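Me: I am in my first year and would like a close look at a single part of this model, the nonpolar core. Please take me through that part carefully, and then connect it to what lies around it.

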Amino acid sequence: MSVITDNSTPASGRGIRDEMVAFVIMAALLATVPFTGIYPFFVMQALCFALFACAFNLLIGYGGLLSFGHAMFLGTAGYFTAHALKVWGVSPEIGIVVGTAGACALSIVTGWISIRRQGIYFAMITLALSQLVFFVYLQTPFTHGEDGIQGIPQGMLFGLFDLSKPTILYYVILVAFLLAFLLIFRTINSPFGEVLKAIRENEPRAVSLGYKADQYKLMAFILSGTLSGFAGSLKVFVAQNASLTDVHWTMSGEIVLMALIGGLGTVFGPVVGAFIIVAMQQYLAGFGQWVTVIQGVIFVVCVLTFRRGIVGEIAALFKRSL
Amino acid sequence: MADEFILETQGLTKEFAGFLAVRDVNLKIRRGSIHALIGPNGAGKTTCFNLLTKFLQPTAGRIVYKGRDITSMAPADVARLGLVRSFQISAVFPHLTALENVRVALQRQHGASFDFWRSKAVLDRFNPRAQELLEDVGLSEFANTQAVEMPYGRKRALEIATTLALDPEMMLLDEPMAGMGHEDIDKIAALIKRISAKYTILMVEHNLNVVANLSDVITVLTRGKVLAEGVYADLTKDERVKEAYLGAGHG
């Protein structure tokens with residue numbers, strides 16, 4: 001008996017080892033960025049979006065729920081953090097906590113409302129809620145409407161790290177990203193993650209086994225929303241502003257695109273997708289509005305030819321899980 | 001007396017927009033028996049079944065399980081009381097391995113299902129029990145196979161293993177032999193016979209022959225109503241049953 005039982009571990013154990021190797025490679029590559037001459041703000045921005053995409057992917061890739069309103073968490077955390085830093089003058093770590101907690105609270109409320117519906121209805125409810133949030137931010141004075149909150153002080157993290165120095169900021173963002181990435185990875189491979197996958201695979205069956213599916217979906221929604229908020233809080237330190245762009249529905253669409261191109265339900269896909277999209281916006285900026293068209297074409301090509309996404313296709317090719 | 005019957009329904013009725021799918025059904029399932037619910041297509045078997053497991057809410061009537069009124073309970077709660085169902089189409093988690101399928105069921109009973117910060121390695125303690133259950137239904141060699149790659153009959157067996165993992169008191173099987181070849185039917189029938197020593201089983205079946213040797217009591221349902229109830233030998237002599245049910249297919 002024990003011999004057979006032991007066999008069962010390597011199958012999933014190997015998958016996790018592949019992913020850990022890939023994680024170390026990713027961390028090492030990202031750590032060398034400041035020495036390569038690549039524009040660090042581009043990479044920092046990409047890291048924030050990568051985290052956002054990973055958080056989004058946790059919900060759709062492992063919970064099977066397509067949210068079309070995830071920008072509300074990114075934007076809410078951004079505004080809260082920006083306001084706390086600029087108006088209250090708190091330290092960066094408190095600012096991040098305020099922003100992330102705001103997104104967490106919002107995700108509890110919106111999750112509780114939207115989780116009762118499935119498929120397209122779930123997507124539409126999340127979209128409606130995020131539009132509602134958008135108009136609230138458009139009207140309330142503290143966001144400064146169309147102007148946004150500008151010139152946010154970066155400050156000293158824990159009183160030790162001066163975030164106004166690009167290299168220090170870069171490594172702080174990188175460490176925050178890697179820690180959050182590991183948390184998502186752990187969540188996927190946790191007892192909770194197993195139940196979530198079971199619900200995604202066959203919800204009625206999971207219910208018949210005594211699982212209250214809605215509670216697990218809500219939990220996934222809150223985790224995803226909170227981590228999206230964390231990404232939004234980090235982004236404030238990179239962009240030094242918080243604006244309506246981050247709560248706009250096009251942002252919700254962009255994150256779907258990033259996760260989809262990289263590969264839904266893959267661990268590294270959203271990271272790859274985020275870097276590709278952010279790089280396009282950065283380096284193709286000369287084409288102006290045509291970037292949107294190019295993005296659209298890529299989206300169509302992706303859906304038509306490689307549905308698993310870039311990382312998904314590579315993983316399938318090598319029969320590995322990435 | 002309450003102990004004699006594990007599940008009872010009183011005047012169970014379900015109406016869909018004016019159509020009475022199930023009307024005034026009174027069932028008494030004896031503890032430890034194999035009870036079959038049969039009837040032609042559209043007789044209301046599956047609706048009845050969904051009512052019992054609370055996947056549908058009855059329009060009228062009561063459901064009493066172990067002396068407890070479960071009429072207004074949520075499906076997940078009913079499952080937690082030990083009344084576990086299967087599905088007509090094979091209900092496995094396709095992209096989990098057979099072992100993981102069973103483990104998900106074990107995990108629910110022993111908690112640890114909301115811990116997103118712990119490694120799933122903590123679930124390995126369920127592996128020996130999961131392996132045992134797979135062995136029980138003859139699936140040892142499929143432990144690391146994804147359920148989606150298993151042959152149909154094996155999926156049904158896996159489904160039973162998953163259900164058994166919950167250590168239920170009563171199992172409700174929705175057409176466990178549907179879509180199976182003869183060889184598989186014999187295997188699953190033998191398996192059901194064997195597990196019936198420990199559990200009460202209510203199964204819905206379309207085919208009377210399948211349940212002939214398997215069930216202690218058979219309830220025949222037509223047009224949402226109970227037509228007759230009894231042992232196979234008696235039912236085959238019953239004129240009403242012959243006419244309504246056997247008449248068509250079995251001459």
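Reply: In this predicted model, the largest nonpolar core has 169 residues, and those with the most contacts inside it are Ala50(A), Leu51(A) and Ala161(B). Helix H2 of chain A, which covers residues 40-63, gives this core its largest share, namely 17 residues. As a general background, nonpolar side chains in soluble globular proteins tend to be buried together.

It helps to look at one of these residues in detail. Leaving aside residues up to four places away in sequence, Ala161(B) touches Val102(B), Leu133(B), Leu134(B), Asp136(B), Val137(B) and Leu139(B).

From there we can turn to the chain to which Ala161(B) belongs. Chain B contains 9 helices and 11 strands, and its radius of gyration is 19 Å, close to the 18 Å that the globule rule gives for 251 residues, so chain B is as compact as a globular protein of that length. The C-alpha trace of chain B spans about 60 × 40 × 35 Å along its principal axes, and 47% of the 251 residues of this chain count as buried. When contacts in chain B with a separation of 6 or more are considered, residues 24 or more positions apart account for 67% of them.

A covered strand of chain B deserves a closer look. Strand S4 of chain B, made up of residues 34-38, is mostly covered, since 5 of its 5 residues are buried. Both faces of S4(B) are covered, with Ile34(B), Ala36(B) and Ile38(B) buried on one side and His35(B) and Leu37(B) buried on the other. S4(B) pairs in the parallel sense with strand S9 (residues 200-205) of chain B over 5 bridges, and it is also joined by 4 bridges to strand S10 (residues 217-222) of chain B, again running parallel. His35(B) takes part in both pairings, for its bridge partner in S9(B) is Leu202(B), while in S10(B) it stands opposite Val217(B).

Strand S1 of chain B, residues 5-16, has antiparallel partners. It is joined by 3 bridges to strand S3 (residues 28-30) of chain B, and the two run antiparallel; here Phe5(B) stands opposite Arg30(B). A further 5 bridges join S1(B) to strand S5 (residues 60-65) of chain B, also in the antiparallel sense, and in this pairing Leu7(B) stands opposite Tyr65(B). Finally, 4 bridges join S1(B) to strand S2 (residues 19-25) of chain B, which run antiparallel, with Val22(B) as the bridge partner of Lys14(B). The hairpin of S1(B) and S2(B) has 2 residues between the strands, and there Ala17(B) takes a positive phi near 40 degrees.

Another positive phi in chain B belongs to Lys54(B), where the angle is about 70 degrees although the residue is not a glycine. Lys54(B) is found in the loop between helix H1 (45-52) and S5 of chain B, and it counts as buried because it has 23 C-beta neighbours inside 10 Å, where 20 or more are needed. In chain A, His144(A) likewise has a positive phi, near 60 degrees, in a residue other than glycine. His144(A) is found in the loop between H5 and strand S1 (156-157) of chain A, and with 18 other C-beta atoms within 10 Å it is partly exposed.

Helix H5 of chain A, residues 119-139, holds Leu129(A), which is buried because 20 other C-beta atoms lie within 10 Å. Not counting residues up to four places away in sequence, Leu129(A) touches Gly69(A), Met72(A), Thr110(A), Ile113(A) and Ser114(A). Leu129(A) and Gly111(A) are 18 residues apart in sequence, and their C-alpha atoms are 10.0 Å apart in space.

The last step is to see where the two chains meet, with 30 residues of chain A in contact with 38 residues of chain B. On the chain A side, the elements that give two or more residues are helix H1 (2-31), helix H6 (166-188), helix H7 (191-201), helix H8 (203-208) and helix H9 (213-239). Among these, H7(A) supplies the largest share, 8 residues. The residues on that side of chain A divide into 13 nonpolar, 11 polar and 6 charged.

Methods. Residues numbered from 1 in each chain as written. Chains lettered and ligands numbered in written order. Predicted model: local features only at pLDDT ≥ 70, side-chain atom pairs only at ≥ 80, totals over all residues. Contact = placed C-beta atoms within 7 Å. Nonpolar A, V, L, I, M, F, W, Y, C, P; charged D, E, K, R; others polar. Core = buried A, V, L, I, M, F, W, Y, C linked by C-beta atoms within 7 Å. Buried ≥ 20, exposed ≤ 12 C-beta atoms within 10 Å, placed from the backbone. Pairing = 2+ DSSP bridges. Rg over C-alpha atoms; globule rule 2.2 N^0.38 Å.
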